[in-house]
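Colleague: I should like to go through this protein with you, one question at a time. Please explain each answer before you state it.

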Amino acid sequence: MSDIIKTQRSLALKATHNPTHQFDHLYRLICREEWIRAAVNRVLSNQGARTAGIDGLTKKAFESETARNVFVLELQEELRAKRFRPVPVRRANIPKANGKLRPLGIPTLKDRVVQMLLKMVLEPIWESDFLNCSNGFRPGRRTMDCIALLDSYINNRNKYYWVVEGDIKGAFDSIHHEILLKLLAQRIADQRVLNLIERFLKAGVMEGSLFRTTEVGTPQGGICSPLLANIYLHQLDLFWWKKYGCLNRKEKERRRIRQQGNCALIRYADDWLLLTNGSKAEAYRLRDEIQTFLREELKLELSVEKTQITHVNNGFDFLGFHVRRYTSQNDRPKMLVTPSQKAVTRLKAKIKEMTDRKRFRDRPLLKFSALNAVLRGWITYFRHCNAKETAKDLDFWVNERLFLWLQKRHRLPPNRIIDLYQHRENGSRSNWGIRNGETIQYLYRMSDQPITKYRSRNLPSPYIEGEWVTTLTVAEAPQPEFVWLGNAENNEDWRELKEKIKAERGAKCDLCGSKENLDLHHLQARRYGGKAVKENLQLLCRSCHAKTASFGDHSRLQ
């Protein structure tokens, strides 16, 4: 067991056995060389390390051991001398599922390393404080832990049938810095750590060449942001626990006799549900009570229009799942969990984008690989719910989309496409596939994924029991924001090569001089041994590229 693990375990044990203890001398931990090296390795092992902050540095700058050693020693000296200052994050807007844009903050690699150090110190302490009703952005927990908790509440014994679907307006962007720092000070006595966190909160953002200060909120994309948001919203958990969650059996029975009902809270980051076994009027009262608490204590605003109150018989959506109570043949109520219609629509939109007519130049082999990655990721997320019928319908729909894409791409009759791409999988049933050398890469069937029951877990702090699981925790999502579409230009190395050639050759078409919609064209095709090197690549606009490419050449099938 390394010294880092021992230290984190001692922090977690101290926090568990003494809930009011304030930790001091934490700053010296993040100044240790061993801790900095561990933080650097974790940051660089994440895919986000290939995205640069405002300094333009990516993980490629730290490929050599010498460069990494120099970086570690320089950062250690900055931290020890208290000269380290975080710089503004680079603002990027990424599309959300509803068509709106989500602002994402991209810190520099140095800032990410220091945030990882703070996370390594703070997380063991607060993991001992967090309640079991919270599962978002926590090590070893996932969305299915929230759904499994619902199963224990929506039954004939507990009868939590009314659900308040909470929606906080811009929770991450509305976190009040002074309140957050006061909450941190309840556990942290080391003022140097608190000052460092405050500098990150006040670092600001760069939107293009425009600097903007950050008076409230934590930037989405920062390594510490999910943990800080959980510390902030932990007050909501405590408010519920002290008033309703810690009641014993007799107290709950007395509330039922008075027809007040009891309530249960389930939270995943800023998405939360409040269930009650009282009346609908009680559900409205609970909603108003939570709204008042959020506004007065945390300076957060509950969206009354989006906060719906639903009966479980009518069903509701939560974390990409649709949950509904139904009565089985033996008249026992059960909970049915299926992929939500929004999740299905979102998957179809991504498949449509991947098989759009503007993607006809993509290689079929790469397209099969990209489709399989999307389909496998989607069904893996829903593998613990009743997704079998949905998966069968989607398999049929994806087969149709792929067939039409192949037919229009090659301009061949349907029977010719079937001859080329239909193969017998495992010697039994037919499936779409493409030859890759001596093997055949088949289109993934989501209905082949086994559906397994997920049991509710009361998880202890991972820093006290089990393996060391501190990682760059990310939110689970059935469909990530950025997905490789099966074309060469979505490859990171290919994009970098394209940018270098554009910089060297003036970013214009080599044939007509146009500067719009530039592509890279192989002078000697890859099927004839052409390499992706500068000497074999030509910058062409879309129209010139279309004229150059031989769309009728059936050798492009591979």
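Colleague: How many helices and strands does the protein chain hold?
Modeller: The model before us is predicted. The secondary structure of its protein chain comes to 17 helices and 16 strands.

Colleague: What share of the residues in the protein chain is buried?
Modeller: A residue counts as buried when its relative accessible area is under 20%. Of the 558 residues in the protein chain, the share that is buried comes to 49%.

Colleague: Which strands stand at the edges of the open sheet with the order 9-10-11?
Modeller: This open sheet has three strands with antiparallel pairing. Two of them have a single partner strand each, so one side of each is left without a neighbour in the sheet. The strands at the edges are strand 9 (316-318) and strand 11 (333-339).

Colleague: What is the average twist from one strand to the next in that sheet?
Modeller: The strands follow the order 9-10-11. From one strand to the next, the twist averages 35°.

Colleague: Which residue in strand 10 is the bridge partner of D317?
Modeller: Strand 9 and strand 10 (residues 321-327) run antiparallel and are joined by three bridges. In strand 10, the partner of D317 is H322.

Colleague: Is C263 buried or exposed?
Modeller: The limit for a buried residue is a relative accessible area under 20%. C263 has a relative accessibility of 5%, so C263 counts as buried.

Colleague: How many disulfides does the structure hold?
Modeller: A disulfide requires two cysteine sulfur atoms within 2.5 Å. The number of disulfides in the structure is zero.

How values were computed
Residues numbered from 1 in each chain as written. Predicted model: local features only at pLDDT ≥ 70, side-chain atom pairs only at ≥ 80, totals over all residues. Heavy atoms only, no water. Pairing = 2+ DSSP bridges. Helix = DSSP H or I, 4+ residues; strand = E, 2+ residues; numbered from the N terminus. Axes fitted to C-alpha atoms, helices over the stretch in contact; angles between N-to-C directions. Buried < 20%, exposed > 50% of the residue type's maximum accessible area, 1.4 Å probe, protein only.
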